[in-house]
Amino acid sequence: MKRLSILGSTGSIGAQALDVAARHKDRFSIVALTAYSSAEKLFAQVRAFRPKFAGLVVPPKELPDDVKFCQWSFGPDCLRQAATLAEADDVLVSVVGFAGLPAVLDALGAGKRVLLANKEALVAGGALVTQAAHAAGRPLVPVDSEHSAIFQCLRARDTNAPARLILTASGGPLRTLSAAEIENASVETVLRHPNWHMGRKITVDSASMINKALEIIEARWLFNMRPEAVDVLVHPQSVVHSLVEFDDGCLLAQLGVADMRLPILYAMAYPDRLTTGAPRLDLSRCGPLSFEAPDKERFPGLFLAYDALRAGGACCAVLNAANEVAVDAFLAGRLPFGAIYRTVRDTLEKLGAPDASSLQAVTAADALARRTAREILPRYE
Ligand code: MG
């Protein structure tokens, strides 16, 4: 029986983790649940899973009597409490954005195994997180589908180091549009992802392919690879979830349906494999699989990852923070879609590579990047 704490349980990943946990009640018990502000959704989860601890970052108007059986905490500190709860073995970090970084460090500091669905923690604080995982002796278990695929492929490597990692990308909802159409794509168009059902932030990132930039950085840290050895291949069918290449040119790939319950349950049950409730992939019916190189002209945001990794320091934290600000402005209808990239690029140019040697330094770089990005926004509004 694994005792699981879920940070961000009302989001897409958190809800799917509870879906698979409910299928395997003999394997998982839920000891903590936290959410940002979705009180009613969290109350329903608390009633169903009866954790010891529950937290809301934004306090609710009132607490229903039938959820008062567990310990409650309100405010941002509830994440730390859930991440370090004595009763938890594993902590699934599926909060959105930079808040994932301190939560991951807290969980590792408490000796927990971290199931990582928050890529921002590694993007912003890759060196800090990998050092903390090493010190805790608890390898990070990726939940991101591409990184889960690579993690699975690497189990077959014996003693051979991988020569190259190849992250697949669906190409998102704008894959076939012209540069001019991409520049002014509407919120509605951008949120209509062809293959994956995900939260709004990551769906916008998928459309700009900045999600793939974040995933290149995530892969660099998770698998200790040189940035130039992490490549991206556009694969619109989302059947091949990523690949690993070895020195002899041999490629190993992981295939499956595009359903996040697979990588989530793989991380939760690792190294065991359990049924997920997702349909199975039938290769005889899934049609042709195609692959193409990403287009630098139409999706320049993807390539920012290599510049930021080369610059080092907190450059990747700056990239992430500026992107969060720009995505918010786009979703609020204040910024054309194409200006997300320009805002991130300009913020990176302005700030260079601030210090990243401590959580405090990274947090300061994140805050500075947000302020700078907000100053840059009016250029493009
Ligand atoms: Mg992914």
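**Entry 1: the metal site**

Before opening the site I fixed my terms: a donor is an N, O or S atom within 2.8 Å of the metal, and water is not among the atoms, so a site may look incomplete. I should also note at the start that this is a predicted model.

Which residues are the protein donors of the magnesium ion? I found Asp144 through OD, and Glu146 and Glu215 through OE, lying 2.1 Å from the ion. Reading along the chain, I wrote their spacing down as D-x1-E-x68-E.

Next I checked two of these donors for cover. Are Asp144 and Glu146 buried or exposed? Asp144 has a relative accessible area of 9%, and because the cut-off for buried is under 20%, I logged Asp144 as buried. Glu146 is at 9% relative accessibility and is buried too.

**Entry 2: the whole chain**

I then stepped back to look at the fold. I counted 15 helices and 11 strands in the protein chain. How does the radius of gyration of the chain sit against the globule rule? The value is 20 Å, close to the 21 Å that the rule gives for 381 residues, so I noted the chain as being as compact as a globular protein of that length. Along its principal axes, the C-alpha trace spans about 55 × 50 × 40 Å.

For burial, I have 56% of the 381 residues down as buried. I also looked at contacts between residues at least 6 apart in sequence, and 68% of them join residues at least 24 apart.

On the outside, the chain exposes about 16,000 Å², and carbon and sulfur atoms supply 51% of that area. For charge, I noted 41 positive and 41 negative ones, with their mean positions 4 Å apart.

**Entry 3: backbone oddities**

A reminder to myself before this part: most residues other than glycine have a negative phi, and most peptide bonds are trans.

Where did I find a cis peptide bond? The bond from Tyr270 to Pro271 is cis, with omega near 5°. Pro271 sits in the loop between α11 (261–269) and α12 (304–311).

I looked up two residues for positive phi. Asp158 has a phi of about 55° although it is not a glycine. I placed Asp158 in the loop between α6 (145–154) and β8 (164–169). Its relative accessible area is 69%, and because exposed means over 50%, I marked Asp158 as exposed.

Ser238 also shows a positive phi, about 50°, without being a glycine. Ser238 belongs to the loop between β9 (230–234) and β10 (240–245). Is Ser238 buried or exposed? At 6% relative accessibility, Ser238 goes down as buried, whereas Asp158 is exposed.

**Entry 4: some spans across the model**

I finished with three pairs of C-alpha atoms, noting the surroundings of one residue in each.

Gly333 is in the loop between α13 (315–331) and α14 (339–351). With a relative accessible area of 60%, Gly333 is exposed. How many Å separate the C-alpha atoms of Gly333 and Lys2? I got 43 Å, for residues 331 apart along the chain.

Arg285 took me back to the loop between α11 and α12, where Pro271 also lies. Arg285 is exposed, at 70% relative accessibility. From Arg285 to Phe43 I have 41 Å between C-alpha atoms, with their positions 242 residues apart in sequence.

Glu375 is in helix α15, which runs over residues 359–376. Glu375 counts as exposed, at 55% relative accessibility. Its C-alpha atom is 38 Å from that of Arg164, and the two residues are 211 apart along the chain.

Notes
Residues are numbered from 1 along each chain as its sequence is written. This is a predicted model: local features need pLDDT of at least 70, side-chain atom pairs count only at pLDDT 80 or more; totals for chains, interfaces and linings use all residues. Side-chain values use heavy atoms; hydrogens and water are left out. Helices (H or I, at least four residues) and strands (E, at least two) are DSSP runs, numbered from the N terminus. The radius of gyration is taken over C-alpha atoms; the globule rule is 2.2 Å times the number of residues to the power 0.38. Buried means under 20% relative accessible area, exposed over 50%, partly exposed in between (1.4 Å probe, protein chains only). Contact means heavy atoms within 4.5 Å. Accessible areas come from the Shrake-Rupley method with a 1.4 Å probe; for residues, only the protein chains shown count as cover. Lys and Arg count as positive and Asp and Glu as negative; His and the chain ends are not counted. The place of a charge is taken as NZ of Lys, CZ of Arg, CG of Asp or CD of Glu. Donors are N, O and S atoms within 2.8 Å of the metal (3.2 Å for Na, K and Ca); water is not among the atoms, so sites may look incomplete.
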